[in-house]
Amino acid sequence: GVVIHNGSQSSHIHIDAFYDLLCPDSKNNWPILRDIIERFSGDLTVRIVLFPLPFHHHTFFVTRAAYTVVNHNERVYNKLVSLIFERQMELKTGAVNLTEDEVRERIASIIASGNLGVTSAEYVMTAVGVSFSGVFDVDLTMICGV
């Protein structure tokens, strides 16, 4: 996971939040977690673990994109998660009839629109070579077919 908020060395509260970026429940929880971070800022450490659920059709591609962006610039993680949640429906019902290549292009377009410091071309080129070995203890390139 990625630590999105690191309180003081003596933080008493540690939260590990598991999110699927295409899950409506994760999306609904995100503002609550941000409020908790704001309220308990100095006494709180929060780590986000992306956990793609198999019943959200394109979630592996979105997770791969998120880790690609985070590997490029970890400081934009909060902004990335918010961006994906804001445009979640484009990657769910709005992508039902798209091919895998079209889904990847849509994800790249969303990322490029978010001013995250990663262009669409960078995402497409980087995502092809990203391996998730050790992140989920499986190689998602085998699952995603990418």
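Colleague: What percentage of the 146 residues of the protein count as buried?

Modeller: The share is 45%. To count, a residue must have under 20% relative accessible area. Keep in mind that this is a predicted model.

Colleague: How confident is the predictor, and which stretch has a pLDDT below 50?

Modeller: The average pLDDT is 78, on a scale from 0 to 100. A score of at least 70 is reached by 80% of the residues. Residues 128-146 are the stretch below 50. In the model, that stretch has 33 contacts beyond near neighbours in sequence.

Colleague: What makes up the secondary structure?

Modeller: There are 7 helices and 3 strands. Along the sequence they run β-β-α-β-α-α-α-α-α-α.

Colleague: Why is α3 called oblique to α5?

Modeller: Look at the angle. The axes of α3 (residues 77-86) and α5 (residues 100-113) cross at roughly 125°. Roughly perpendicular stops at 115, and roughly antiparallel needs over 145. The angle fits neither class, so α3 is oblique to α5. The two axes come within 10 Å, and the crossing is right-handed.

Colleague: Which residues make the contact between α3 and α5?

Modeller: From α3 come L80, L83 and I84. From α5 come I110, I111 and S113.

Colleague: How do you know which of them are nonpolar and which are polar?

Modeller: Sort them by type. Leu and Ile count as nonpolar, while Ser falls among the polar ones. That gives 5 nonpolar, 1 polar and no charged.

Colleague: What part do residues 24 or more positions apart play in the contacts?

Modeller: They account for 73% of the contacts with a separation of 6 or more.

Conventions. Residues are numbered from 1 along each chain as its sequence is written. This is a predicted model: local features need pLDDT of at least 70, side-chain atom pairs count only at pLDDT 80 or more; totals for chains, interfaces and linings use all residues. Side-chain values use heavy atoms; hydrogens and water are left out. Contact means heavy atoms within 4.5 Å. Axes are lines fitted to C-alpha atoms, for helices over the stretch in contact, and angles run from 0 to 180 degrees between N-to-C directions. Helices (H or I, at least four residues) and strands (E, at least two) are DSSP runs, numbered from the N terminus. Angles under 35 degrees count as roughly parallel, over 145 as roughly antiparallel, 65 to 115 as roughly perpendicular and the rest as oblique. A crossing is left-handed if the near helix is turned anticlockwise from the far one by less than a right angle, and right-handed if clockwise. Buried means under 20% relative accessible area, exposed over 50%, partly exposed in between (1.4 Å probe, protein chains only).
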